[in-house]
Amino acid sequence: MYRMSTQQTLKVFVTRRIPQEGMQILQKAGICNLSVWDSDEPVPRAELLQGVAGAHGLLCLLSDKIDAEVLDAAGPNLKVISTLSVGFDHLAIDEIKKRGIRVGYTPDVLTDATAELTVALLLATCRRLPEGVEEVKNGGWSTWKPLWLCGYGLSGSTVGVIGLGRIGLAIARRLKPFGVKRLLYTGRHPKPQAQEIDGEYVLLDTLVRESDFVVVSCSLTPDTQGLCDKTFFSKMKKTAIFINTSRGAVVNQEDLFGALSSGQIAAAGLDVTTPEPLPTDHPLLTLKNCVVLPHIGSATYSTRGVMSELTANNLLAGLTGSEMPTELKL
Ligand code: NDP
Ligand code: DGY
């Protein structure tokens, strides 16, 4: 951990090394006494509890579980939590609200990068790109064969998006030009913005049964936790592809393994898993029809830089009691 010892009285704990754009903003502001867990690895729980003690501001990541224990350890000074993520399922929102703490997060700025990665993962999965690359390297490529490494294409297909929020809509916009015939979506309410992509609002059951590609882009909530389970996969077409770039816990991974290994569904592409990292001996990693990425949806240099800036600016606004660029409405 490093400390920038200044005379400033507003104590801020930063739980990880973050892109320099954000750190520069915090340093230049000249109002923070900064303590940083100066590592690319997550802060151990004990260090988090110690580092946050007496803090006025906490800048955290999606891998930090901010619950009552952390809030108690922080004590009554804590005014603001600013997370370097749009997802906020790692924050105990009820506890935070009860204590009158404000929360900043990073919507919109990562939508394009995450949608782009989702499309990349979908194509890699349905056209079996990792398998193909592996065959080239291991000598499995003997000649051009009519039935070798065939997959499924988007043209003429039905795509179903679970959670047509900022990212879900951006994914749908990008997939439409591939010749998608029907675009189904589900969520808590129909969305007027779905008109733009000719989206049809349907029940989850209809979406799962009729889609050739099921794309999960909803937030993780008590309602969506474990949503994609044995029953869900049993309704999917045998030729369908399942893609998840939301949170790992939306999926029951044992049930997904069963569906993939029994041929109940064709393939899956996951950018998010439970736990993260997924242990290297996890059964899902033994399957050729499962493509797993290490949670890199928003990982472009520019996006991470802008996320860092926004997170810093949210934190400063929370410390000074001014309007945050992007405050989570609690
Ligand atoms: P939004 O809040 O804009 O979208 C979330 C969507 O989830 C909303 O459309 C909401 O629908 C929907 N939703 C909520 N509850 C349900 C439900 N029970 N069933 C179906 N849909 C539901 O957030 P973003 O699009 O910005 O981000 C979505 C999520 O993506 C984040 O929460 C995060 O977990 C994940 N993410 C992952 C990244 C990665 O690196 N892989 C990068 C960025 C985000 P409604 O509006 O009707 O409530
Ligand atoms: C988020 O922001 O919620 C992502 O998971 C990482 O960018």
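**Exercise 1. Find which backbone atoms hold polar contacts with ligand 2, then look at its surroundings.**

Step 1. Start with Gly87: one of its polar backbone atoms is 2.8 Å from an oxygen atom of ligand 2. That passes as a polar contact (a pair of N or O atoms within 3.5 Å; within protein, one must be able to donate a hydrogen and the other to accept it, and residues adjacent in sequence count only if both atoms are side-chain atoms).

Step 2. Now try Val86, where a polar backbone atom sits 2.7 Å from a ligand 2 oxygen. The side chain of Ser298 joins in too, with a polar atom 2.7 Å from an oxygen of ligand 2.

Step 3. Check the cover: on its own, ligand 2 has 230 Å² of accessible area, and the protein covers 89% of it. Such areas come from the Shrake-Rupley method with a 1.4 Å probe; for residues, only the protein chains shown count as cover.

A quick word on the model: it's predicted, so local features need pLDDT of at least 70 and side-chain atom pairs count only at pLDDT 80 or more, while totals for chains, interfaces and linings use all residues. Residues are numbered from 1 along each chain as its sequence is written, chains are lettered from A and ligands numbered from 1 in the order in which they are written, and side-chain values use heavy atoms, leaving out hydrogens and water.

**Exercise 2. Work out which residues come nearest to ligand 1 and how it is held.**

Step 1. Of the 26 residues around ligand 1 (each with a heavy atom within 4 Å of it), the nearest are Arg166, Ile167, Arg188, Lys191 and Asp271.

Step 2. Zoom in on Lys191: an N or O atom in its side chain is 2.3 Å from an oxygen of ligand 1. Polar backbone atoms take part as well, that of Ser219 at 3.2 Å from a ligand 1 oxygen and that of Ser246 at 3.5 Å.

Step 3. Taken alone, ligand 1 exposes 920 Å², and the protein buries 89% of that.

**Exercise 3. Explain why Cys150 has no disulfide partner.**

Step 1. Count the disulfides (pairs of cysteine sulfur atoms within 2.5 Å): the structure holds zero.

Step 2. Cys150 can't bond because the closest cysteine sulfur, in Cys126, is 12 Å from its own, too far.

Step 3. Cys218 is in no disulfide either; the nearest cysteine sulfur, in Cys228, is 7.1 Å away.

**Exercise 4. Identify the residues that touch the most other members of the largest nonpolar core.**

Step 1. Know what to look for: a nonpolar core is a set of buried Ala, Val, Leu, Ile, Met, Phe, Trp, Tyr and Cys residues joined through side-chain atoms within 4.5 Å. Buried means under 20% relative accessible area, exposed over 50%, partly exposed in between (1.4 Å probe, protein chains only).

Step 2. The largest core has 69 residues, and Leu26, Ile66 and Ile81 touch the most other members.

Step 3. Apart from it lies another core, of 27 residues, including Ile162 and Leu270.
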